[in-house]
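Hi everyone, thanks for coming. Let's look at this one together and start with a strand before moving to the surface.

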Amino acid sequence: MVDDACAVDSNRIRLLDEATISKIAAGEVIERPASVVKELLDNSIDAGATEIKVEIEGSGVKRISVQDNGCGMSHVDASMAFMKHATSKLTSIDDLETICTLGFRGEALSSMAAVAKVTLITRKGLDTAGTKVMAGSDGVESISEIGAPVGTTVDVTDLFHSTPARRKYLKSRRTELAHITEVLTNYAIVNPDISFTLLNEGKTVLRSPVTTSMFDNIVYIHGAEVARSLIPIVWENDLVKISGYISKPELSRSGPYLQSFYINKRSISSKSISNAIRLGYYTLLPKGRYPAAFLDLEIDPGRVDVNVHPRKTEVRLSHEKEIMDVITSAVDSTLRSAHLVPEIKFGDKLSRVQKSLYDDVYERVDEAQNNLDTPVRIHEETTPYHPSVKDTERRLKTSSRLQSRLDTSLLEEENVFASDDIKILGQFKDLYIVAEVEEKLLLIDQHAAHERVMYERVLDLKDTGWQELLDPVTLELNPKEKIILEEFIPYLENVGFGISEFGPNTYVVTTVPVIFGRMESPDVVHDIVSDLLSVGRIKDDTQIYDHVFSTMACRAAIKAGAVCNEEQMADLVRQLKKCRNPYTCPHGRPTMLSFTREELDRMFKRTG
């Protein structure tokens with residue numbers, strides 16, 4: 001019997017109706033509330049605005065309002081604005097090769113109207129009256145004259161009301177607000193001549209003043225702690241002109257959360273640029289750490305295809321490999337210059353420019369602080385922390401004490417690994433424990449192994465106790481980090497952190513869980529926030545605590561590069577034997593690898 005779907009006489013291809021087409025197209029452009037904000041900001045900036053105000057209700061689903069003082073639109077232009085692909089920024093296909101505006105395709109307003117209720121109020125400078133346009137999923141509903149200031153205001157309400165399934169895929173309110181905040185901060189950094197304001201439920205989340213440079217807004221948004229670790233980067237060749245700031249190796253995060261990239265003032269996402277920057281640091285950063293980087297790249301528009309992504313967050317570059325190589329070289333040379341290595345690759349003129357910028361950084365931090373509404377507390381640079389034998393001993397004793405507090409019934413379930421007789425042979429490169437078990441050679445990653453131990457102990461105990469810091473740590477957060485932290489403070493407090501608000505974007509940490517011992521820097525909390533941020537939507541308390549515990553375990557474990565004596569290695573192996581899952585760390589990396597005699601013989605070609 002032939003399936004109905006495959007029947008010869010069945011006509012399977014049909015044209016979709018206009019409403020369905022519009023909603024599918026809207027889904028490509030409007031993924032979440034932050035997509036709406038980005039598209040409207042593009043239009044405001046293209047309109048020459050110097051003041052842009054964004055108001056959010058219900059994480060953007062209930063209402064998004066973007067108001068600017070740009071040039072505004074005439075009655076005729078406003079009447080056409082909701083038509084598909086109606087744009088003032090292109091006249092022919094040839095213009096796609098030299099796009100210099102942020103918006104250009106003319107699909108933003110029509111896409112918004114397909115999934116929300118949109119009201120546009122605008123007035124051009126010489127017009128005596130403004131224009132009000134109301135639109136929805138059925139198209140333009142009304143057009144009328146209205147009194148209005150010069151500029152444009154767009155109100156988007158009841159987002160995704162016509163596509164309720166899309167609402168289900170949105171993250172928590174805090175996460176959606178964090179995405180919106182990230183869009184605003186990225187625009188504020190590269191547009192210092194524009195004042196940006198973000199209000200959430202009537203409360204100010206971000207207000208960036210008009211400043212004179214990218215650096216001033218970095219100070220305002222990310223704080224003086226970040227700014228003081230930045231190095232100016234200036235580089236130019238026939239392919240690209242690079243300007244901006246990168247961080248000294250002492251400032252890093254567990255994810256690329258302090259990285260903002262721009263091509264011709266367009267904010268973009270680019271793993272290629274992030275990787276190129278990381279290559280420039282080479283061995284100056286440990287694996288898994290990301291430097292801060294704020295790079296503005298000027299590239300001939302003819303070499304940039306900005307039409308490859310529906311939301312214009314990615315671009316395609318001609319000569320991409322060569323441009324990435326230039327970025328790597330620029331980062332490498334800048335870092336060596338900052339560390340007083342005399343050899344400098346770029347010409348004398350650019351070298352003097354960079355030296356002038358670098359000498360100006362500290363003065364600019366202080367000057368930018370004086371322009372802020374609220375003073376920012378500064379911390380002097382601390383000596384880098386290096387693992388020692390005593391530090392390794394302290395960390396191992398901490399996990400041993402935690403283990404002794406457990407109900408012995410929790411440790412009765414042994415694994416195959418626990419029953420083996422392991423002979424410690426030594427340590428390789430202060431990273432791996434070399435051991436022998438039965439007929440196998442065993443390599444144990446000391447950090448991953450201790451991380452597993454710490455994770456299971458903290459998971460079993462939940463409350464490891466807390467200790468008060470003699471010198472409380474001040475934690476400066478950017479607006480996006482603050483939003484995430486506020487949601488998770490109750491969970492962090494339940495495991496031993498004492499965190500109090502100290503200013504608009506500043507918190508003070510007064511207690512930490514005992515597993516951390518001496519707290520060397522605020523990076524612990526930064527990494528926990530970054531880790532939670534990277535996870536996205538977390539459905540329940542159990543998952544939230546799991547991510548907090550895994551990050552705590554990573555920070556409290558003995559370090560890669562820490563010297564271990566024979567007794568310490570044996571102690572770690574004993575503790576690992578008592579774990580329920582001794583084979584991977586909490587993040588899924590293997591804690592050990594084994595080689596049989598036969599495998600080694602094959603590697604040395606002793607078979608046959």
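Strand 1, residues 51-57, has alternating side chains: Ile-52, Val-54 and Ile-56 point to one face and are buried, while Glu-51, Lys-53, Glu-55 and Glu-57 point to the other and are not. Buried here means under 20% relative accessible area, exposed is over 50%, and partly exposed lies in between, with a 1.4 Å probe and protein chains only. Strands are DSSP E runs of at least two residues and helices are H or I runs of at least four, numbered from the N terminus.

Before I go on: this is a predicted model, where local features need pLDDT of at least 70, side-chain atom pairs count only at pLDDT 80 or more, and totals for chains, interfaces and linings use all residues. Residues are numbered from 1 along each chain as its sequence is written, and side-chain values use heavy atoms, leaving out hydrogens and water.

Which strands pair with strand 1? Strand 7 (residues 195-200) does so in the parallel sense over six bridges, and strand 2 (residues 63-68) in the antiparallel sense, over six bridges. Pairing requires that DSSP finds at least two bridges between two strands. Glu-55 has Leu-199 of strand 7 as its bridge partner, and Ile-52 has Asp-68 of strand 2. Between strands 1 and 2 the hairpin has five residues, and Gly-58 takes a positive phi near 60° there.

Now to helix 3, residues 75-80, where we find Met-80. Is Met-80 buried or partly exposed? Partly exposed, because its relative accessibility is 40%.
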